Amino acid sequence: MFFRVCALRLRTSASSSLLCSSVGFQQFLSPPLHNTTTITSMSSKVAVVTGGNKGIGKAIVQALCKEFQGDVYLTARDEGRGQEAKASLSAAGLKVHFHQLDINDAGSITRAADYFKDKYGGVDVLVNNAGIAFKVADTAPFSQQAEVTLRTNYFATRDMLTHFLPLVKAGGRVVNVSSFVSVRSLNMCSPELQSRFRSDDISEDELTQLMTRFVDLAKDDRHKQGGWPETAYGVSKIGVTTLSMIHARRLTKERPNDQILVNACCPGWVRTDMAGPKAPKSPEEGAVTPVYLALLPAGASQPHGKFVSDKTVQTW
């Protein structure tokens, strides 16, 4: 039943994404961010981190609390775990805020977007860190892994960006946490797929259709024949990285004077529940590149629409 529900939500997300894209990116980027009433209540800049209750996400929150000049929000789908993470950071002398946010729940995304719009007039930093990965030894069929992984890592992240990109203020920074696995997986795709994922004219619609096609092919164990690699996580992160580049190009076109920078990044192989205890990096070390991108100085024009690892732009 769980996977049938996920499949339904995946199909709904994909079809709604096509509708959203068809009405034009400008409508998402240019709605009024606040009214006269909320302008007077805005107190400071604000940074929002998804999946911030543990691992890399919590380390990103911790670093931003020390370095970002504004309010920092740790968000998590589970309120209890989120409050526990907030309490542990507060006990360390850091000022941190919490807001419940489940990126797989459209209502939760909408409520969070409304909250930051009303309280701050938008957001200054958005770090899309929330994601999932099946363990290597997991016995779930590949079709199920593809369905569930893409639903969270690509489609839900895309839903976050659909609702939050219009709220990003001038000078804002958007960081989408991807992985080095995205590049490795891209290189294992067919030449035709590689060409599309690297192209300057791939649209959000086309990308979403490709991600949906991968899931559909995986259901019938035909993804390899279709030119896809045997990694649901890798394909999901191809989607995240490519989507970051698409949004960067659109922002440059639609809001050329706002100096908003959007990038995807690899934190590295980090010791977390997801990556395991043998990884060489600590969560704090994994947070270095995401935080670097989140805090790119005012007036910076690069990197933008890039894939970044170890604070260095990588070849895509």
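**Salt bridges in close-up**

K219 and D216 both lie in helix α10 (residues 204–219), 3 residues apart, or about one turn of the helix. The views below come from a predicted model. The salt-bridge count is 13.

**View 1. K219 pairs with D216 within helix α10.** Their side chains form a salt bridge, with an N to O distance of 3.8 Å. K219 is partly exposed, at 34% relative accessibility. D216 is also partly exposed, at 35%.

**View 2. E147 joins D216 and K219 in a network.** Salt bridges link these three residues. The D216 and K219 contact of View 1 is a salt bridge of 3.8 Å, N to O.

**View 3. E230 meets K224 in a salt bridge.** The closest N and O atoms are 4.0 Å apart. The pair counts because the cut-off is within 4 Å. E230 has a relative accessible area of 44% and is partly exposed. K224 reaches 55% relative accessibility and counts as exposed, because that class begins over 50%.

**View 4. R255 forms a salt bridge with D258.** Here the closest N and O atoms are 2.6 Å apart. Buried or exposed: which is R255? R255 is buried, because its relative accessible area of 12% falls under 20%. D258, at 22%, is partly exposed. The buried partner is thus R255, while D258 sits in the partly exposed class.

Terms used. Residues numbered from 1 in each chain as written. Predicted model: local features only at pLDDT ≥ 70, side-chain atom pairs only at ≥ 80, totals over all residues. Heavy atoms only, no water. Helix = DSSP H or I, 4+ residues; strand = E, 2+ residues; numbered from the N terminus. Buried < 20%, exposed > 50% of the residue type's maximum accessible area, 1.4 Å probe, protein only.
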